[in-house]
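Visitor: I would like a close look at a single part of this model, please. Could you choose one helix and then show me what surrounds it?

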Amino acid sequence: MLHFPQWKVILVLGVVIAGIIFALPNLFARSTMESMPAWLPHHQVNLGLDLQGGAHLLYQLDENEMIDDWLNKLRDDVRETLRKDRISYTDLTQNLVDRSVSVKIREAANYDKAYEELRKLSVPVGGTMALSGVRNMDVSRNGDSGIVLKGTDAGLTQRMSSAIQASIETIRRRVDAFGTTEPSIQRQGRNRVLVQVPGISDVERLKKLIGETGKLEFRLVDPGANAQQVVESKQVPIDDELLYSKGTPPVPYVIKKQVLVSGENLVDAQPGFDQRTGEPIVTFRFDATGAKRFARVTQENVGLPFAIVLDGKVISAPVIREPILGGSGQISGSFTVPEASDLAVTLRSGALPAKLTVIEERTVGASLGADSIASGKKAAIIGLLLVVAFMFAAYGLFGLFANIALLVNIALIFGVLSLIGSTLTLPGIAGIVLTIGIAVDANVLINERIREEMRSGKSPVASIEAGYSRAMSTIIDSNVTTLISTLVLFWLGSGPVRGFAVTLTIGILASMFTAVTVTRLMVSYWLRWTRPQLIPI
Amino acid sequence: MFRGFHFIPADTKIGFVRLRTISWVISALLTVVPLLLVWKVGLNFGIDFQGGTLMEIQTKESVADLADIRAKVHGLNLGEVQVQEFGAPNDVLIRIAAQPTEKEQQDSITKVKQVLGDQVDYRRVEVVGPTVSSELIAGGTVAVVVAMIAILIYIWFRFEWQFAVAAIASLVHDVTGTIGLYSALQLEFNLSSIAALLTIIGYSLNDKVVIFDRVRENLRKYRKMPLTELLDLSINETLSRTVLTHVTTFLAMMPFVIVGGEAIHGFALAMCWGIVIGAYSSIYVAAPLQLILGVKRDGGMASAPTRPKAQARARA
C-alpha cells in the first residue's frame, strides 16, 4: 500500500497541481485576471445571488387566462367554419371548467357535415409525432344536434409549452434592455419561468417591465356613447367595452370592441420627446400590413377620437386630425422619461402570451451580499485555523500531513467549482467548512487505526500499512451515507441549498482523494527518507 | 518528535451500554420533550413554509427607530406584521404575514417601500406566495423521508437489517432533537433548516457507520464475548476517533455561529447542535438498540459457521 509506482506519483501530483492552478484565479480580482496572459485559466467561481446581490423571481403563467384565450380562438374558428359552409347554428358557448366549446346545429340535414367540418379543427399534437394519434382536442356529438369540442390535456400541455417558450423570449428581450450581466431565464416545471438577474438594484422596475403583458391595441372610441352615462347606468352598448385610463383618478372611456391594429404589427418602438411640448413620448412604426390598415382607418375616421389601449388600460385617446399614411406614429400619455423608455422596451419585445404572476421573489442587495462574503470568509478562515491547530495538536507530524492534504482539498474544491462554472452561495461556504470536518475525519480514522496497530506491537511500516487499508472500508461507508443525503439535497433543493449540496459533494469526493491518497504519498516518502524506528503518532 | 496529545487514553473501559438504563431515560426525554415543545410551543415557521414577505432594511442613521417603522408598517393594514432588530442596531427585519393572493403579496412590498421611502437600504426582500410555500413543505418532507429510506437501504445492504433499524431509529432521535432546538429557541424554521436536518442525518450516520463497522469486525474477532461487552468494547475502541472528529467539525462550524452573520446563524447553530446530538446517539442510542434487536454473529462471512440468533441474544 505504501509503495507508489512512478506513474501513480505523477498522476497524483498532476491532479493536485491542476487543482491548485484552476483554483488560483479566485485569489485575484476579476480585473487583475483580465490582464493576465490568455493561456492561464481565467475561470473564477461564480458567486450566488445571495453573495453578489441580485434578483430571483419565479413567475407563473396564468393557466386559466391561457385556456380562456384558447377557447375564444376556438369559438371564432367554429363560427368561421360554419359560416363558410353556410350552416346555421345556435347556442355557441364556451366552458372554462370543461375546457370546451359547444354549439347546436339548427338543421338536422347539416348535422353530419358540420361534425365532419369541425372535426378538421382538431389537429395531432406534436407535428411529426402524429402517429401517436394524440390530438389537441376531442370533437364529439352531443344529443341529436349538439357538437362539443373539448381541449385535451396533451393539447393544453402543448399550448403551455409554446406559451412558456414565447414568454422566455419576451422576458429575455425585456431583461436585456436593462443591460445587466448574465441574466438567467429558464423554464421551471410546467408553467413557470425562473428569472435570475445578478447585481440589479431597481427590482421594482424590473418586475414592472417583466410583468407587463404588453398587449397594445388601437381601437375607436364610440362617438355615440357618453362615458359618464354608461358608468352610471352600467349599460354598455353591445359592441363596446368600458375601459379606464391609467392615471388617478381613472377616466372612463366607452371603446369599440373591434381592434383596428394591434401590437403584433409593430416593428419598432423608441422613446423620444415631443418636438412641440418637450414631453416624453414613444414613437412607433408599423409593418406593411399594419401601416396599410392604420392608414385606411385614420382616413375613414378623421375628426373622431381613437384610443391606444395597453393591457386593458387607455393610455391616451387623441382625436384623429388627419390620415396617418406613413405607418408611424407616437404615443403620448404624460409619461416620465423612464416610463417612456420602459414602454418602448415592452412594445418592442412583443406581448406575453398570458399574464405572468410572481409567486416567489428573493432579492438581495449588493451591500448585504458583500457583508455575507466578508463574514463567511472570516468564519471559514477561523474555522480552518482551529481545525488545523487541533489536528496538529492531536497527531503531530501526521496531523501536519493531514493539514497539507486539507489545504489541497480546499484548492481542489475551488478548482472544480471554477472549472464547471458552479455557483458559490453562503450555504456553499458552510458546505466547504463541513467538508473540512469530514475530510479530517478520514485522517482521524486512519491515524487512530495506526495507533491501535502500533499498540498491538506491529512495526512502523506494518502499522501504517494496516492503518490505511483497514480504515478504508470505514471511510467509504461513512462517506457514501453522507453522499446519499447530499444527493437528495441536490435533487430536491433549489438555489442556495443546492449550492450547499454541490460544494459538499465535490468536497467529499475530493476528500477521498486528498485524505487517503495524498497523505499516503507523503507518508510513504517520509518513511523512505527518514526510515524511522518509531512513528511519532 | 512531537507525537500529538492523546486526548482520549487508549484503554478506556467505559460501560456505555452496561449503564443503558440511564441513557434510555435521557434518549427518551430527548425524543419526547421536543415533540411536546413542537406541540405546545410550535415552530417558528419562516416564510418559506408559511408564505409571506420578509424585508431586511438598513437605515442611514446608526440606530433604527423601530417604533417609527413599526407604526408606519402597521398603518398599512397588512395583517400580522413583525418588526425587529436584526444583527445590528440599524438593521431591521420586517415580516409580513401571507396575503390572500399572489398579487396582494406583491403589492405589500410596494406599499412598504412607499411608506419607508428611499432613505433606507433594502438589503433583502423575500416573498413566498401560497403556491410555492405549500410546495416547499411537501418538498422538504419528501427530502427528509427519501434520504432516510435511501440510507436505510444502503446500511441494510452493507450490514444487517438490525444495523439499519438501529441507525434509522437514532436518526429519528437526532431529527426530533434538532427540531426541538428550533422550537425551544424559536429559531426560524425554513428551507435551510431542512438542509441542516439532511446534513445532520448524513453526518450523524457517518458516525454510526464507523461504530457499526467496528462492531462487525469485533463480532468476527471475539466469537464468545457477550454482546453487551462487545458493544462497549467497540465504542471504547472508537471513542478517540468519535471525540476527535466531532471536535474538529464542531470547531469548523462554531465560527459561523459567532461571526458568520445573521443569514447563516440559525443553520450553523442547528449544525453544531446536530454534531453533539449525533455523537450522543451513536453511543447511547444506536449501539444499545443493536443489543435489543440482536445482531447476528455470522457478520456476513459466508464461510463461518452461523450461530443461532437466539443464542447470541441469550448471551446478551
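Guide: Happily. One definition first: the expected span of a helix is 1.5 Å times one less than its number of residues. Please keep in mind throughout that this is a predicted model.

Let us take helix α13 of chain A, which covers residues 426-455. Its 30 residues should span 44 Å at 1.5 Å a residue, and its end C-alpha atoms are 44 Å apart, so expectation and model agree. How much of the helix is buried? Of the 30 residues of α13(A), 28 are buried, so the helix is largely enclosed by the rest of the structure. Just after α13(A) comes Gly457(A), with a positive phi of about 90°.

The next helix to look at is α14 of chain A, residues 460-492. For its 33 residues the expected span is 48 Å, and the end C-alpha atoms are 47 Å apart, which agrees. There is nevertheless a kink of about 35° in α14(A), with Met472(A) at its centre.

Back to α13(A), and to what encloses it. Val433(A) is in contact with Ala380(A) and Gly383(A) of its own chain, and with Ala252(B), Met253(B) and Phe256(B) of chain B, once residues up to four places away in sequence are set aside. Together with Ala167(B), Val433(A) has the most contacts inside the largest nonpolar core, a set of 202 residues. Helix α9 of chain B, residues 262-293, gives this core its largest share, 18 residues. A second, separate core has 13 residues, including Leu71(A), Leu74(A), Ala114(A) and Leu149(A).

Those partners of Val433(A) in chain B lead on to the contact between the chains. Chain B brings 65 residues to it and chain A brings 63 residues. On the chain B side, the elements that each supply at least two residues include α5 (130-158), α7 (191-221), α8 (227-259) and α9. By class, that side of chain B has 37 nonpolar, 16 polar and twelve charged residues.

Now step back to the domains. Chain A is divided into domain 1 (6-53 + 366-530), domain 2 (64-158) and domain 3 (212-361). Between the centres of domain 1 and domain 2 of chain A lie 62 Å, taken over C-alpha atoms. Chain B has domain 1 (20-44 + 133-315) and domain 2 (52-128), and here the two centres are separated by 40 Å.

Two buried residues make useful stops elsewhere in chain A. Val103(A) sits in strand β4, residues 100-105. Why does Val103(A) count as buried? The cut-off is 20 or more other C-beta atoms within 10 Å, and Val103(A) has 24 such neighbours, so it qualifies. Its contacts beyond four places in sequence are Val78(A), Tyr89(A), Asp91(A), Leu92(A) and Ile147(A). Thr514(A), 411 residues from Val103(A) in sequence, is 73 Å from it in space, C-alpha to C-alpha.

The other stop is Gly263(A), in the loop between β12 (261-262) and β13 (266-273) of chain A. Gly263(A) is buried, because 21 other C-beta atoms lie within 10 Å. Leaving aside neighbours within four places in sequence, Gly263(A) touches Gly214(A), Lys215(A), Leu216(A), Leu347(A) and Ala351(A). Phe218(A) is 45 residues from Gly263(A) in sequence and 8.3 Å from it in space, C-alpha to C-alpha.

Conventions: Residues are numbered from 1 along each chain as its sequence is written. Chains are lettered from A and ligands numbered from 1 in the order in which they are written. This is a predicted model: local features need pLDDT of at least 70, side-chain atom pairs count only at pLDDT 80 or more; totals for chains, interfaces and linings use all residues. Domain bounds come from an automatic or database domain assignment. Helices (H or I, at least four residues) and strands (E, at least two) are DSSP runs, numbered from the N terminus. A residue is buried if 20 or more other C-beta atoms lie within 10 Å of its own, exposed if 12 or fewer, and partly exposed in between; C-beta atoms are placed from the backbone. The bend at a residue is the angle between axes fitted to the seven residues ending there and the seven starting there. A nonpolar core is a set of buried Ala, Val, Leu, Ile, Met, Phe, Trp, Tyr and Cys residues joined through C-beta atoms within 7 Å. Two residues are in contact if their C-beta atoms, placed from the backbone, lie within 7 Å. Ala, Val, Leu, Ile, Met, Phe, Trp, Tyr, Cys and Pro count as nonpolar, Asp, Glu, Lys and Arg as charged, and the others, Gly among them, as polar.
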